[in-house]
Amino acid sequence: PTELREAAVRESAAELTGALSDLQNPDASPELLAYALRRVDRCRDYGREPLDLYVQIIVELWRLVQESKIGYWLRRKCVGALQHKLRGIRKQFVPVRGLRPMPHQTVEASLSVLRQTLSWRTVQTLMLGELERTSRGAPLESPSNAYHLAESLAGLVNELRHWTATDEAEEVVNSLDQFMDPSQRSVVLFGRLMLMALPTESSAKFVEDGRLFRWWDLLPRGANPRFSLMWIALPARVAKVRWASGAPWSAEPVLPHERLCALLDIVAGTMSLPVDGRHCDMDHFAEDCQWAFLGKTTYRLVAKFLVYSLEPLQKAGQPFPENSMWAALEMLCRRLAACTIHTGAWTWHVRTFLCELCRGYYVRVCRERYQQPGCLAHESFLMTPACDDAFVKLTWPLLTDTLTLQAGGHDHLQTSTTSALSFVSRLAVMNMQRWEEVKSFAQDAVQDLADPMSVRHSSTFHLLTSLTPLLVYAAPGLILEAADLALPGIDPTDPMKTMVACAFFVNLFVQVPTRDLSSVTDLPDDLPSLLGGILPLHPKGGQVVAGATPGDLQMVTSAFPDLCHALLERFLEYVQAQSKPSKKDAMAALEIGGPRLLSTAIFLAIKQADASVANSMVERLAEWVSLTLLPNAVKAVGMLVGVCTLANNDAAGKIMDKAIGRLPLGSGSLSSLGETEALWHLHILGAAARFGGTSLPPRRAALEARMYAALDDKRKAVRRAGAKLCRRILAGLTAPYSGDLTGDGTVAEALHRWSGARALEWGSPMRPIEFHTPTAPELDFAHALCEKAVEVVNTKAQGSDEEIHTSLSLMKSVLRGVACLYPDERQGVEAVPLVSTLPNQWGPRLMDEFSEVLLKLCPKLGCPGHPFQATAVEASGRPNLLCKALRMVVGLVKGERRPEVPDMFQVRGFDGGNVRNHV
């Protein structure tokens with residue numbers, strides 16, 4: 001809505017104005033400048049309005065980059081912020097090369113200030129100075145601060161080519177002649193980097209006069225593709241500029257024939273070069289020269305040159321014209337075919353080049369065929385359906401061989417190939433013959449899932465995930481068959497395969513709903529054809545292959561209820577076999593990543609399924625958690641309980657009732673339960689309460705009784721679980737969470753999604769997302785809970801060491817529980833940023849109450865006579881309590897918060913570091 005957008009722009013402008021004032025302050029301390037840079041980085045752009053304010057910030061950042069007195073660390077931060085803001089301004093207000101300008105891209109006058117201020121000469125001087133400083137002697141630490149600054153400036157050089165005037169091109173090239181000394185490798189690399197500042201429109205001149213080839217021959221071909229291919233950047237720019245110029249296609253090639261043959265020889269020759277096993281994701285060759293290549297592969301530049309040099313073809317299935325770029329690409333693909341039969345890590349070269357080639361071609365046809373904003377390329381340059389057919393015919397065999405023969409390789413190798421396959425498949429779906437080849441390969445891949453001994457499960461999941469948008473439209477039965485076969489892939493003994501299998505389910509349920517359409521009687525005869533509006537169809541005769549019929553969808557979706565139940569059962573089996581992840585174990589992130597993704601998939605399944613299916617899944621989960629004890633899987637099960645309560649309004653009440661029933665209060669305590677059983681049910685109760693909302697007030701008495709009983713328990717772990725339960729209840733009452741993430745769930749929406757629609761074409765009306773807003777009973781419950789918690793904190797802080805520990809734990813839980821509603825002590829106009837429309841009643845009170853407690857506790861816990869005497873330290877836990885109290889001081893000043901609340905540390909002037917440093 002307009003009023004919300006305007007309010008957001010005002011808020012962003014106010015934040016940027018404050019940051020600009022700090023940047024312009026000549027007496028600003030390094031800490032204040034660092035805080036201003038953080039404010040600039042975290043501020044949302046909102047269309048980068050007002051533009052003049054952004055221009056002023058960029059000018060100040062440019063000044064600070066040249067200020068050596070502020071130190072290397074701050075200068076690097078300024079360079080990064082400057083590059084990010086320049087790129088954002090350019091993307092927003094400068095037309096994309098080859099495309100017509102958008103209506104809002106008419107602010108050249110405002111950008112002229114930046115073109116006059118920014119200078120490639122300044123960056124060249126800065127880089128030379130820092131690189132010279134690095135080369136004078138061995139730095140104290142490797143890499144040095146000067147090297148880090150030079151590395152940051154390298155990215156800025158590439159951005160400056162968009163802001164350098166074309167009449168300065170000759171000066172740019174002439175300034176580099178002095179650096180072209182083949183005996184100094186790093187100097188030549190610096191010259192190549194500075195050539196990136198050459199205005200793109202002026203690149204052709206230096207290719208035509210031969211200076212580029214003189215530089216190209218300085219370093220010998222061979223050892224590394226980056227050395228041999230680093231000069232291809234200029235021919236790639238020339239090819240794209242010719243395409244985007246609007247002039248008719250010319251038969252004159254960008255590179256002479258002998259140079260083109262040499263280039264293709266280099267590309268094909270480097271495909272068999274080794275790759276360091278430690279750096280399989282990038283062709284590293286020397287750590288001290290990475291800045292010269294901006295951290296990117298040169299194969300992207302080679303692919304860009306080939307793609308924008310391709311000529312339009314008129315007839316499919318005909319031999320390519322002699323000496324055409326299509327003929328050269330065909331010859332290169334033949335030479336690469338021999339490289340796809342190996343399984344070594346060095347095949348990174350082949351996969352990366354193919355991925356960049358397919359992506360580059362798909363981007364070109366999208367730019368040519370999408371109507372908005374429109375393409376400037378001349379009609380004689382435009383790719384035809386015959387070109388699409390030829391490209392798929394050339395690249396598809398290479399990609400399928402690569403995926404089939406090298407499926408057991410590095411994860412990057414699989415994702416690069418499946419990414420390329422997704423681009424080629426989108427082109428193939430516009431041709432019946434090519435699509436049949438794609439579908440046949442997908443069917444064979446799905447059958448591999450039925451073989452438990454196959455080594456291609458992970459690569460198949462990657463493939464199916466990339467092809468899901470096309471398969472749900474043209475082959476829904478195949479994707480449901482794959483889903484059934486993917487369930488065994490959720491394997492506790494193989495965390496990586498589990499993650500890719502869960503990612504497949506998440507991707508499937510994002511694309512299509514889990515609603516059963518078999519009982520719907522009034523389906524239309526034909527489904528809406530929406531995939532054609534997403535794919536780059538040729539304006540003259542392009543069409544997508546026929547999709548599924550309503551009858552096919554009814555038959556396919558009838559399997560969804562069983563699939564959803566099977567997915568839940570698979571999760572429950574998975575967590576029972578899973579061991580407790582160790583914080584010191586490198587595989588811990590993988591082991592918790594599987595349940596996290598699987599919980600997301602189950603959330604989508606419950607949220608989008610029929611009411612009967614969702615209720616039966618919730619009842620099954622509620623019954624299971626009440627009869628099971630899995631202390632090693634409490635975090636994974638808690639995630640599942642949380643997403644189920646977020647997806648289904650009745651789930652929280654059902655699960656809380658089961659947990660409350662399993663926590664009987666004998667004489668007002670939980671002593672009748674074992675520690676493991678009490679902890680399990682308290683955790684389940686807290687997980688269900690986290691998104692409980694309106695389900696919490698009706699169970700107020702039972703929840704309060706269990707929480708206070710846990711806080712008074714003799715067992716430390718149970719008391720901590722009681723404090724955590726308090727936090728969960730307060731968050732469920734006051735936090736702005738939302739489960740409104742999957743549309744309206746109508747039949748029309750389901751048909752649109754099965755037809756390949758994206759979110760804006762789902763057929764549902766646009767509306768704001770519904771967030772949880774506290775009701776009057778919820779606020780009353782939360783305030784009463786805070787009142788009682790403050791009383792408990794004050795009481796226990798005066799007791800024994802164990803009671804002090806409980807007091808500190810409860811104090812932290814209360815602060816975190818209400819952080820979204822009452823983030824800090826500020827009131828009135830000072831309460832910025834606003835996170836709630838309600839008066840900040842409890843923020844100041846909690847600050848006062850807990851401050852008094854902490855100010856009394858810290859001297860007591862740090863008494864010189866105790867615990868620092870050697871005899872007392874061994875038997876006392878007070879040093880740990882003192883650390884916990886000091887951390888609580890930091891938390892109180894910082895603002896214990898949820899992620900949606902800005903960091904109060906930064907607002908109060910702290911910057912960087914961790915809690916220990918601030919203590």
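How many salt bridges does the structure hold? In this predicted model, the structure holds 41 salt bridges. Side chains of opposite charge can pair when their charged atoms come close. One of these pairs is formed by Lys-658 and Glu-623, whose closest N and O atoms are 3.0 Å apart. This pair links distant parts of the chain, since Lys-658 belongs to helix 29 (residues 651-661) and Glu-623 to helix 27, with their positions 35 residues apart in sequence. Lys-658 has a relative accessibility of 35% and therefore counts as partly exposed, and Glu-623, with a relative accessible area of 33%, is partly exposed as well.

A salt bridge within a single helix is found between Glu-704 and Arg-700, with the closest N and O atoms 3.5 Å apart. Because these two residues are four residues apart in helix 31 (residues 700-711), about one helical turn separates them. Glu-704 counts as buried at 18% relative accessibility, a value under the 20% limit, whereas Arg-700, at 26%, counts as partly exposed.

A further salt bridge joins Arg-767 to Asp-740, and here the closest N and O atoms are 2.6 Å apart. Arg-767 is placed in the loop between helix 33 and helix 34, while Asp-740 is in the loop between helix 32 (716-734) and helix 33, so the pair ties together parts of the chain that are 27 residues apart in sequence. Arg-767 counts as partly exposed at 38% relative accessibility, but Asp-740 is buried, with a relative accessible area of 13%. Elsewhere, Glu-170, Lys-205, Asp-209 and Arg-211 are joined into one network by salt bridges that share partners.

The loop between helix 33 (747-754) and helix 34 (776-796) also contains Ile-769. Together with Leu-741 and Phe-771, Ile-769 makes a nonpolar surface patch of about 320 Å². The relative accessible area of Ile-769 is 45%, so this residue is partly exposed.

The packing of helices was examined around helix 14. The axes of helix 14 (residues 257-270) and helix 16 (residues 325-337) come within 10 Å and cross at roughly 25°. Because this angle is under 35 degrees, helix 14 is roughly parallel to helix 16, and the crossing of the two is right-handed. Helix 14 also packs with helix 15 (residues 299-308), at an angle of about 140° and with the axes 12 Å apart. These two helices are therefore oblique to each other, and their crossing is left-handed.

Several loops show local features of their own. In the loop between helix 15 and helix 16 lies Asn-323, a residue other than glycine with a positive phi, near 65°; at 62% relative accessibility, Asn-323 counts as exposed. A cis peptide bond, with omega about 0°, joins Gln-372 and Pro-373, and Pro-373 is located in the loop between helix 17 (348-369) and helix 18 (385-405).

Two contacts between residues separated in sequence were also noted. Ser-245, in the loop between helix 13 (233-244) and helix 14, has its C-alpha atom 6.3 Å from that of Ala-377, although the two residues are 132 residues apart along the chain. Ser-245 counts as partly exposed, at 48% relative accessibility. Asn-632, placed in the loop between helix 27 (611-627) and helix 28 (634-647), is 52 residues from Lys-580 in sequence but 4.4 Å from it in space, C-alpha to C-alpha. With a relative accessibility of 44%, Asn-632 likewise counts as partly exposed.

Key
Residues are numbered from 1 along each chain as its sequence is written. This is a predicted model: local features need pLDDT of at least 70, side-chain atom pairs count only at pLDDT 80 or more; totals for chains, interfaces and linings use all residues. Side-chain values use heavy atoms; hydrogens and water are left out. Patches are made of residues with over 30% relative accessible area and no salt bridge: like charges are joined within 9 Å, nonpolar side chains (Val, Leu, Ile, Met, Phe, Trp, Tyr) within 5 Å. Accessible areas come from the Shrake-Rupley method with a 1.4 Å probe; for residues, only the protein chains shown count as cover. A salt bridge is a side-chain nitrogen of Lys or Arg within 4 Å of a carboxyl oxygen of Asp or Glu. Buried means under 20% relative accessible area, exposed over 50%, partly exposed in between (1.4 Å probe, protein chains only). Axes are lines fitted to C-alpha atoms, for helices over the stretch in contact, and angles run from 0 to 180 degrees between N-to-C directions. Angles under 35 degrees count as roughly parallel, over 145 as roughly antiparallel, 65 to 115 as roughly perpendicular and the rest as oblique. A crossing is left-handed if the near helix is turned anticlockwise from the far one by less than a right angle, and right-handed if clockwise.
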